[in-house]
Number of protein chains: 2
Amino acid sequence: LVKVAVAQAHLEVGDVPANISETLRLIDLAAKQNAQIVVLPELANSGYVYKNKQELIDALADIDVLKIWKDKSKELNNITVAGFAEVQGEKVYNRSVIIENGKILDIYTKVHLFNDEKEIFTPGDSPPKVIQTSIGKIASMICYDLEFPELVRLVAENGVELLCVPTNWPEGSFNRSINEPRPMELIKAMSAAATNRIWIALSDRCGEERNISWLEASSVIDPDGWPIAQVGTGAGIVVADIDLAVSRDKSLSPKNHALNDRRPEIYK
Amino acid sequence: LVKVAVAQAHLEVGDVPANISETLRLIDLAAKQNAQIVVLPELANSGYVYKNKQELIDALADIDVLKIWKDKSKELNNITVAGFAEVQGEKVYNRSVIIENGKILDIYTKVHLFNDEKEIFTPGDSPPKVIQTSIGKIASMICYDLEFPELVRLVAENGVELLCVPTNWPEGSFNRSINEPRPMELIKAMSAAATNRIWIALSDRCGEERNISWLEASSVIDPDGWPIAQVGTGAGIVVADIDLAVSRDKSLSPKNHALNDRRPEIYK
């Protein structure tokens, strides 16, 4: 079994040093519970609700968050997956990094930008890579990416066992009634897990930024689609023991296979 | 607004005349509540749990269920969408028909066969067509088809407003706990509706056939993904007033569009 942690963070727009400290606090919390891998939210160094690109660039200053996370990962000998904002030249990117024992194994740039992100970030042009780590095959996509079944299918076909999803899910989409225990964003994530028979570790936000609050839906979802662990309300982590071998069994019945039953020649 | 009915049927394996009578009873019930369109389950003429192909062929005899449904649709001037088994030569097909006012507008053959269906039926080789009817653009796919996001995406791209889904959802898949109010099959359907911003009218089964019981999950699902009407327990119908124009608004935010935000060049 693998011990996976998802961290739900309270971040402050504009205060990058405080946000990085908060990520280190959560990474340490996960390590204390012997998590081998910890997933942090989208834009964990910066927070989300910037007025424009320049405000974000100013906030980021030249603080090297990747070095800080690499050092921490080496200290703990863990895997860290985290979303972060990165400036390169005139452009800013919404990215996630996979670090194992101090080494960067992959950096992914968000392909599907949500709402005002389109005014700030430059989208990526490549799908997430599936990375062999010491615990198994993992990949990362970011928030709204997960609402495109095509992208999840692609990483499933490429053998992902645990999909790590840094998110910032704002409250208020999809006209959820007060009687619905789960937001539609989580229902889409559950469906994505079940459809492809993969594990999903999803790290969301809590608190409020400039009048936007967050769904606090950080969860570990099993290959049948059920959330088996959730952080709940507020900042913190949850750790789950998961068997990645389950995700390699794609059977939906004795005669059905989640991936091989596809009929790609018909989907045109 | 359009009045759409979904019918949940109790069918008997081997008794085609009784099954057809039951479909007519449910179609009449829907008409009494002024439904303009009624959706019936998968294999509504035959029932589901046949031991082999020959047993099903024998049960079907030469009863022309399409003529019976066409006559009823003409009598009521309604739209009927229903699943049925059909013999052609040596082959048997799992199909659905769209009938309006006595005329067959389309027949679709199930593309993704589930479990022992593979021993009985010949799969289809074409995706569902989107059909212009008097109420709007509809299409039909059958049961396990809905678990392939690629197929739902295709009919959404082709402009479907209301996707009609005859199903026979057996109990017992996906390790549902007793605390889960909805089965994963329904969660996948909700995700499919929300991901593509379409209406889904889903007709399931009730009762038991040869020790297989059914999820009784017949529902009308809105383009935000929420079930707004459900039949509940037992045989019967539910009618919902729905606005198909909602499905033509693909906005997920002021700057996001459920279909146009796709990046097909990346999903390869």
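Let's start with an open sheet in chain B of this predicted model. The sheet has six strands, in the order β5-β4-β3-β2-β1-β14, and the pairing is mixed. At its edges stand β5 (103-109) and β14 (236-242) of chain B, each with a single partner strand, so one side of each is left without a neighbour in the sheet. Go from one strand to the next and you'll find a twist that averages 30 degrees.

What holds strands side by side like this? Strands of a sheet pair through backbone hydrogen bonds, either parallel or antiparallel. For a case you can trace yourself, look at strand β1 (residues 2-8) of chain B, which pairs with β14(B) in the antiparallel sense over seven bridges. One spot to click on is B:Val2, whose bridge partner in β14(B) is B:Ile242.

Chain B also has an open sheet with the order β6-β7-β8-β9-β12-β13, again six strands with mixed pairing. Its edge strands are β6 (131-132) and β13 (227-230) of chain B, and each pairs on one side only. Inside this sheet, strand β9 (residues 199-203) of chain B runs antiparallel to strand β12 (residues 219-221) of chain B, and three bridges join them. There, B:Ile200 stands opposite B:Ile221 in β12(B). Now add a helix to the picture: α6 (residues 184-196) of chain B lies across β9, β12 and β13 of chain B, running at about 30 degrees to β12(B).

Hop over to chain A for a hairpin. Strand β12 (residues 219-221) and strand β13 (residues 227-230) of chain A pair in the antiparallel sense over three bridges, and five residues sit between them. In the turn, A:Gly225 has a positive phi of about 100 degrees. The bridge partner of A:Ser219 in β13(A) is A:Gln230.

Here are the strand pairs side by side:

| Strand pair | Sense | Bridges | One facing pair |
|---|---|---|---|
| β1(B) and β14(B) | antiparallel | seven bridges | B:Val2 and B:Ile242 |
| β9(B) and β12(B) | antiparallel | three bridges | B:Ile200 and B:Ile221 |
| β12(A) and β13(A) | antiparallel | three bridges | A:Ser219 and A:Gln230 |

So how do the chains meet? The contact takes 50 residues from chain B and 50 residues from chain A. Between them, the chains bury about 4400 Å², with 56% of it on carbon and sulfur atoms. There's plenty of polar detail to explore too: 36 residue pairs are in polar contact between chain B and chain A, both residues at pLDDT 80 or more. On the chain B side, α4 (117-120), α5 (149-157), α6, β15 (251-253) and β16 (256-257) each supply at least two of the residues that touch chain A. Helix α6(B) gives the most, with seven residues. Sorted by class, this side of chain B has 22 nonpolar, 11 polar and 17 charged residues.

Charge deserves its own look. Side chains of opposite charge can pair when their charged atoms come close. How many salt bridges are found across the interface of chain B and chain A? The count there is 14, while the structure holds 46 over all chains. One salt bridge across the interface joins the side chains of B:Arg262 and A:Glu150, at 2.7 Å from N to O.

Chain A has a salt bridge of its own between the side chains of A:Lys72 and A:Glu75, at 3.4 Å from N to O. These two residues are three apart in helix α3 (residues 65-76) of chain A, so about one helical turn separates them.

Technical notes:
Residues are numbered from 1 along each chain as its sequence is written. Chains are lettered from A and ligands numbered from 1 in the order in which they are written. This is a predicted model: local features need pLDDT of at least 70, side-chain atom pairs count only at pLDDT 80 or more; totals for chains, interfaces and linings use all residues. Side-chain values use heavy atoms; hydrogens and water are left out. Two strands pair if DSSP finds at least two bridges between them. Helices (H or I, at least four residues) and strands (E, at least two) are DSSP runs, numbered from the N terminus. Contact means heavy atoms within 4.5 Å. Axes are lines fitted to C-alpha atoms, for helices over the stretch in contact, and angles run from 0 to 180 degrees between N-to-C directions. Buried area is the accessible area (1.4 Å probe) that two parts lose on being put together, summed over both. A salt bridge is a side-chain nitrogen of Lys or Arg within 4 Å of a carboxyl oxygen of Asp or Glu. A polar contact is a pair of N or O atoms within 3.5 Å; within protein, one must be able to donate a hydrogen and the other to accept it, and residues adjacent in sequence count only if both atoms are side-chain atoms. Ala, Val, Leu, Ile, Met, Phe, Trp, Tyr, Cys and Pro count as nonpolar, Asp, Glu, Lys and Arg as charged, and the others, Gly among them, as polar.
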